[in-house]
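Reader: I'd like to go through this model with you, piece by piece. Could you start with the terms you need?

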Amino acid sequence: MAVRISPVKTNYWGERFTLFAQRTFSGGIHTSVPPNEVDQTKDLADCENMVLTKEGILQTRPGCEKVHEIGSSAAGLGSFGQSLVWATNGKVFVNGVEVGECDTSKSVKFIEFTGKLCILDGGPLKVYDGENFYVVEEAPQASFGLVRGNRLWLAGDPLNPSTLWYSGVNDLRDWGFTG
């Protein structure tokens, strides 16, 4: 049979759920024919909250889970390695641990470059290396950026709004060139 319903499982918080999966999905979703005319061994009449796995199995979408309570609205959200990063109330948090300060009066962006987390808040470039939080004095101020060609590209400098800056190759302290 193509449809499988797993036994009841329990999530991290002890809530019980049942996983549904359909192994053969060769017929797709048919919304143009009445549901009673759909071959339920390989087709669906309707589908909500389902995902198609890499193996081609249609199964229920896992629910969302609350990871951290941040206390107020976030000014930025990102990742650093496998860690969740956010900015709120003038502070930067990595997996719920405060690591430094930033300007949260506007949007904050996070970029990983050379194994370090770069924090872009419209002011001086801030960096967290997994242990230390510091300002890169040589870098321009920036509101947004990206990594390309082993360089950190920055823009949104309030003092030089029409300037695109780029770092030296794999070097956060070399800002001798502008584009």
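Author: Sure: two strands pair if DSSP finds at least two bridges between them, and strands (E, at least two residues) are DSSP runs numbered from the N terminus. This is a predicted model, where local features need pLDDT of at least 70, side-chain atom pairs count only at pLDDT 80 or more, and totals for chains, interfaces and linings use all residues. Residues are numbered from 1 along each chain as its sequence is written, and side-chain values use heavy atoms, with hydrogens and water left out.

Reader: Over how many bridges do S13 and S14 pair?

Author: S14 covers residues 116-120. Its pairing with S13 is antiparallel, and the count is 5 bridges.

Reader: Which strands are the edge strands of the open sheet?

Author: The sheet has 4 strands in the order S13-S14-S15-S16, with antiparallel pairing. An edge strand here pairs on one side only, which leaves S13 (109-113) and S16.

Reader: Which residue in S14 does Ile111 stand opposite, and is that residue buried or exposed?

Author: Ile111 stands opposite Cys118. Buried means under 20% relative accessible area, exposed over 50%, partly exposed in between (1.4 Å probe, protein chains only). Cys118 has a relative accessible area of 0%, so the answer is Cys118, buried.

Reader: Which backbone oxygen does the Ser143 side chain reach?

Author: Ser143 sits in the loop between S16 (133-135) and S17 (144-148). Beyond neighbours within four places in sequence, its contacts (heavy atoms within 4.5 Å) are Lys109, Leu120, Gly122, Ala155 and Gly156. At 3.0 Å, the side chain of Ser143 reaches the backbone oxygen of Gly156.

Conventions: Polar contact = N/O pair within 3.5 Å; in protein donor to acceptor, adjacent residues only side chain to side chain.
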